[in-house]
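Biologist: I am new to this structure and would like to learn how to read its features. Could we go through them one at a time?

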Amino acid sequence: MKYRIGIDVGGTTTTIAIGNDAREVVVVSEQFESLTASGPQSTSQAILNQIETSLTAIGGTTADIIDVGLATPGPATLDGVLRNTPNLDPALWNGFPFRATLEEQIRQWSARASVHYIGDGQAAAYGEYSIRSGAVTWDRVGPMAAGLKPLSSLFMLIVGTGLGGGQVQDGRVVRGKEGRAGHAGHLLLPPYAFRYEHDQQLRVGNAMCTAESAISLTGLTHQLEYRLTLPQWADHPLQSVAGSTRDKAKSLRGLASQGDPLAMELFDDQARALGITLLDLNYVGDFDLLIIGGGVCDLSADVKTRYKRIAEEAYQEYALDGFRDLDCLEFSSCGDESPVIGALAFAYTAAL
């Protein structure tokens with residue numbers, strides 16, 4: 001048996017996936033510490049250790065590796081040289097040839113193995129596409145509202161600390177001329193996508209009024225800080241909770257599941273901005289599916305239903321008549337594992 005490996009490296013944790021010759025996902029590891037603060041060599045060693053451990057557990061060996069897909073936060077070159085990547089110390093990581101270095105190390109195990117680089121947002125979209133199209137199978141995946149149906153395109157927005165994105169067109173992941181495609185978080189939104197003028201004033205990258213400033217944990221933190229200064233929320237329980245505003249923002253998911261009015265307002269605002277962002281993207285791509293991924297997939301069922309409805313209403317409110325027939329918006333089927341599944345899927349196809 002020969003194996004392909006998918007690797008999703010984050011600033012804090014990393015995950016690997018292993019697939020067999022039948023394109024079945026046979027292992028998705030638990031998240032393990034990336035050790036990025038110690039530099040690339042420490043991160044590479046942690047990855048190699050996990051690959052070896054996981055292969056041994058299924059009766060494989062490192063000599064059985066054929067191809068590897070490597071996903072990291074962007075930006076990076078097409079060949080996996082990292083460029084001032086978020087959450088990675090630039091003194092240690094900027095300009096580091098991560099793909100080539102990891103390939104050199106893996107070839108000490110398997111001389112013909114190749115490592116193929118892809119951005120994590122692109123990987124997430126490709127993972128979602130590969131599972132939904134049946135190109136890769138995984139017995140842990142949740143039910144898909146669309147089922148297995150012919151697909152040629154999708155766009156996925158990944159709501160996390162920031163806002164990532166990726167797209168598939170004609171069955172192929174879109175990487176762009178320099179590997180930068182999919183940075184939807186830096187699209188500019190109209191002022192009416194925000195409830196308060198204050199909410200528009202979070203600078204993300206080099207701009208304010210961006211999709212990421214509205215649809216991310218970073219955005220929620222900025223908005224919550226202001227909300228807690230308003231008279232209508234003077235008696236809100238979060239006023240007496242210890243910790244930073246960011247810590248409080250992380251609790252909003254749980255509060256929303258309990259019907260907390262402030263938490264619901266913030267997620268309603270986020271969903272509305274997300275609908276407007278997806279409209280902008282669909283004008284350009286006319287996709288078969290629009291996918292919501294990331295942390296919002298873990299909202300309670302009732303809140304997810306409301307979130308999706310508000311996103312759809314905002315989309316349809318501003319859409320041209322020809323784009324109002326929105327029947328393609330869904331939550332991710334793979335959740336937080338979409339990027340590692342996409343990295344694995346890329347390992348199967350990048351060498352073709």
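Modeller: Let's start with charged side chains. Side chains of opposite charge can pair when their charged atoms come close. In this predicted model, Arg195, Asp199, Arg227, Glu265 and Asp269 are linked in a network of salt bridges.

Biologist: How many salt bridges does the structure hold?

Modeller: There are 18 salt bridges. A good one to look at joins the side chains of Arg4 and Asp21, with N to O at 3.1 Å. Arg4 belongs to strand S1 (residues 3–9), while Asp21 sits in the loop between strand S2 (13–19) and strand S3 (25–28), so this pair ties together parts that are 17 residues apart in sequence.

Biologist: Is Arg4 buried or exposed?

Modeller: A residue is called buried under 20% relative accessible area and exposed over 50%, with partly exposed in between. Arg4 has a relative accessible area of 16%, so Arg4 is buried. Its partner Asp21, at 43%, is partly exposed.

Biologist: Which residue forms a salt bridge with Asp268?

Modeller: That is Arg306, and the closest N and O atoms of the two are 2.6 Å apart. Asp268 lies in helix H9 and Arg306 in helix H10 (residues 301–318), so here the pair ties together parts that are 38 residues apart in sequence. Asp268 is buried, with a relative accessible area of 16%, whereas Arg306 is partly exposed at 32%.

Biologist: And what does Arg324 pair with?

Modeller: Arg324 forms a salt bridge with Asp321, and their closest N and O atoms are 2.8 Å apart. Arg324 is partly exposed, with a relative accessible area of 37%. Asp321 reaches 62%, so Asp321 counts as exposed.

Biologist: Let's turn to empty space inside the protein. How many cavities of 30 Å³ or more does the structure hold?

Modeller: A cavity is a space where a probe fits but cannot get out. This structure holds 1 cavity of 30 Å³ or more, and about 40 Å³ of space lies in the largest cavity.

Biologist: Which residues line the largest cavity?

Modeller: The lining is made of Ala193, Phe194, Arg195, Asp199, Ala214, Gln223, Asp269, Gln270 and Ala273. By class, that gives 4 nonpolar, 2 polar and 3 charged residues. Helix H9 gives the most to this lining, with 3 residues. You may recognise Arg195, Asp199 and Asp269 in the lining, since we met those names in the salt-bridge network.

Biologist: What about the surface: where is Tyr283 found?

Modeller: Tyr283 is in helix H9, which covers residues 261–285. With a relative accessible area of 31%, Tyr283 is partly exposed. Together with Val284 and Leu320, Tyr283 forms a nonpolar patch on the surface, and the three have about 320 Å² of accessible area.

Biologist: My last topic is the backbone. What sign does phi usually have?

Modeller: Most residues other than glycine have a negative phi. Leu35 has a positive phi of about 60° although it is not a glycine. Look for Leu35 in the loop between strand S4 (32–33) and helix H1 (40–57); Leu35 is partly exposed, at 32% relative accessible area.

Biologist: What is the phi of Asp170?

Modeller: Asp170 also has a positive phi, of about 50°, without being a glycine. Asp170 is placed in the loop between strand S8 (163–169) and strand S9 (172–173). At 67% relative accessibility, Asp170 counts as exposed.

Terms used
Residues are numbered from 1 along each chain as its sequence is written. This is a predicted model: local features need pLDDT of at least 70, side-chain atom pairs count only at pLDDT 80 or more; totals for chains, interfaces and linings use all residues. Side-chain values use heavy atoms; hydrogens and water are left out. Patches are made of residues with over 30% relative accessible area and no salt bridge: like charges are joined within 9 Å, nonpolar side chains (Val, Leu, Ile, Met, Phe, Trp, Tyr) within 5 Å. Accessible areas come from the Shrake-Rupley method with a 1.4 Å probe; for residues, only the protein chains shown count as cover. A salt bridge is a side-chain nitrogen of Lys or Arg within 4 Å of a carboxyl oxygen of Asp or Glu. Helices (H or I, at least four residues) and strands (E, at least two) are DSSP runs, numbered from the N terminus. Buried means under 20% relative accessible area, exposed over 50%, partly exposed in between (1.4 Å probe, protein chains only). On a 1 Å grid over the protein atoms alone, a cavity is a set of points where a 1.4 Å probe fits but cannot get out, and a pocket is an open set with protein on both sides within 12 Å along at least five of seven lines; lining residues have an atom within 4 Å of a point. Grid points are joined across faces, edges and corners, and a volume is the space filled by probe spheres set on the points. Ala, Val, Leu, Ile, Met, Phe, Trp, Tyr, Cys and Pro count as nonpolar, Asp, Glu, Lys and Arg as charged, and the others, Gly among them, as polar.
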